[in-house]
Structures are given as C-alpha cells and as structure tokens.
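Let's take a walk through this fold together, beginning with the backbone and ending with the charged side chains. Please keep the viewer open as you read.

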Amino acid sequence: MDTTGLPTSVPVIRTIAMPADTNPAGDIFGGWLMAQMDLAAGNVAARIARGRCATIAVDQMTFVSPVFVGDEVSFYSEIVKRGRTSIRIRIEAWRRPREGDEMQRVTEATFTFVAIDEDRKPRPLPAD
C-alpha cells in the first residue's frame, strides 16, 4: 500500500458481486465475501507451497463498508509470516462501483494455511 491507503499491487483475484450473492436485505452476503477472500489467500498459499494447502484459521474480520450488486471486488494479498509448514496471508477486499473509479476498502483478514501432502498431513514448505 502507498501513503494514500490505496493498494499498489495487482489483485490476486477480481470478481463482480452478483444478485445471487446477496443477503435477505439485498446487500452482498458477508459469507460470500469471506469465501472470495479464502479463494484469494488459497491461491497465494498454493503457489508458495507448490501444492495443496488447507485453511486452518482466519483472524478477525471487520466489515468497514458494504458491497453492492454490480460492484467490482478486488482482493489484495500480503505474506505476513512464513513458517516451516504454514503461511499467514493478509487479504484486503476493495470495492469499486460498476460505473465509477473510486475504490473503497471493504474488509481485511489474515488467513493461515498449512501445506499438506497426499495423506492430508502437514508437510514442509519448499525453500524459497
């Protein structure tokens, strides 16, 4: 991030919030947003681990602004910590109205993944 608070990296994934992703009030369901964040973090973890990873924890999520149908939602990542078998990845979600340019931060969370083998047992991460 730069000093303006806007992301400066390329998003891990970018998607459009659709009507099927809404809660009963008509706004985008927080569970959908969390699932998208897990997909983004999982993509990063799999690349680092060069293989399968399992989500084992998600640290605090606070929703600071809503997402609306039609918004473009982008997910940015930052590696927080790399252990012997685990990776902690911070994901920020940002929204951009369909017909606008102004981006607004929606939420963030830190996801912890463990690299696993074919028997679903922890395995060491490959060397950098």
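What follows is a tour of the sheet, the helix, the core and the salt bridges. Bear in mind that this is a predicted model.

A good place to begin is the sheet. Its 5 strands form an open sheet in the order 1-3-4-5-2, with antiparallel pairing. Strand 1 and strand 2 are the edge strands, each pairing on one side only. From one strand to the next, the twist averages 30°. In general, strands of a sheet pair through backbone hydrogen bonds, either parallel or antiparallel. At one edge, strand 1 and strand 3 run antiparallel and are joined by 4 bridges. Here Ile-16 stands opposite Glu-72 in strand 3, and Glu-72 will come up again below.

Now bring the helix into view. Helix 1 lies across strand 1, strand 2, strand 3, strand 4 and strand 5, and runs at about 45° to strand 5.

Which parts of the chain supply at least two residues each to the largest nonpolar core? The core has 26 residues, and Leu-33, Met-37, Val-73, Phe-75, Ile-89 and Ile-91 touch the most other members. Helix 1 (30–49), strand 3, strand 4 and strand 5 (104–115) are the elements that each supply at least two residues. Helix 1 gives the most, with 9 residues. As a general tendency, nonpolar side chains in soluble globular proteins are buried together. Ile-89 lets you see the packing from a single position: beyond its neighbours within four places in sequence, Ile-89 is in contact with residues including Ala-41, Val-44, Ala-45, Ile-79, Val-80, Phe-111 and Phe-113.

Let's turn to charge. Side chains of opposite charge can pair when their charged atoms come close, and this structure holds 8 salt bridges. One of them joins Arg-14 and Glu-72, whose closest N and O atoms are 3.6 Å apart. Arg-14 lies in strand 1 (residues 13–16) and Glu-72 in strand 3 (residues 72–82), so this pair ties together parts that are 58 residues apart in sequence. Are the two partners buried or exposed? Arg-14 counts as partly exposed because its relative accessibility is 48%, whereas Glu-72, at 16%, counts as buried.

Glu-72 also meets Arg-96 in a salt bridge, at 3.2 Å from N to O. Because Glu-72 lies in strand 3 and Arg-96 in strand 4, this pair ties together parts that are 24 residues apart in sequence.

Another salt bridge brings together the side chains of Asp-59 and Arg-88, at 3.0 Å from N to O. It links distant parts of the chain, with Asp-59 in strand 2 (residues 53–59) and Arg-88 in strand 4 (residues 86–96), 29 residues apart. Asp-59 is partly exposed, with a relative accessible area of 31%, and Arg-88 counts as partly exposed at 26%. Elsewhere, a network of salt bridges links Glu-78, Arg-90, Glu-92, Arg-105 and Glu-108.

Our last stop is Arg-95, in strand 4. With a relative accessible area of 10%, Arg-95 is buried. Where does its side chain find polar partners? The Arg-95 side chain reaches the backbone oxygen of Pro-66 at 3.4 Å, and a polar contact of 2.8 Å joins it to the side chain of Gln-104. Leaving aside neighbours within four places in sequence, the contacts of Arg-95 also include Ser-65, Val-67, Phe-68, Asp-71, Glu-72, Met-103 and Val-106. Glu-72, the salt-bridge partner of Arg-14 and Arg-96, thus turns up here as well, in contact with Arg-95.

Notes: Residues numbered from 1 in each chain as written. Predicted model: local features only at pLDDT ≥ 70, side-chain atom pairs only at ≥ 80, totals over all residues. Heavy atoms only, no water. Salt bridge = Lys/Arg side-chain N within 4 Å of Asp/Glu carboxyl O. Buried < 20%, exposed > 50% of the residue type's maximum accessible area, 1.4 Å probe, protein only. Core = buried A, V, L, I, M, F, W, Y, C linked by side-chain atoms within 4.5 Å. Contact = heavy atoms within 4.5 Å. Polar contact = N/O pair within 3.5 Å; in protein donor to acceptor, adjacent residues only side chain to side chain. Pairing = 2+ DSSP bridges. Axes fitted to C-alpha atoms, helices over the stretch in contact; angles between N-to-C directions.
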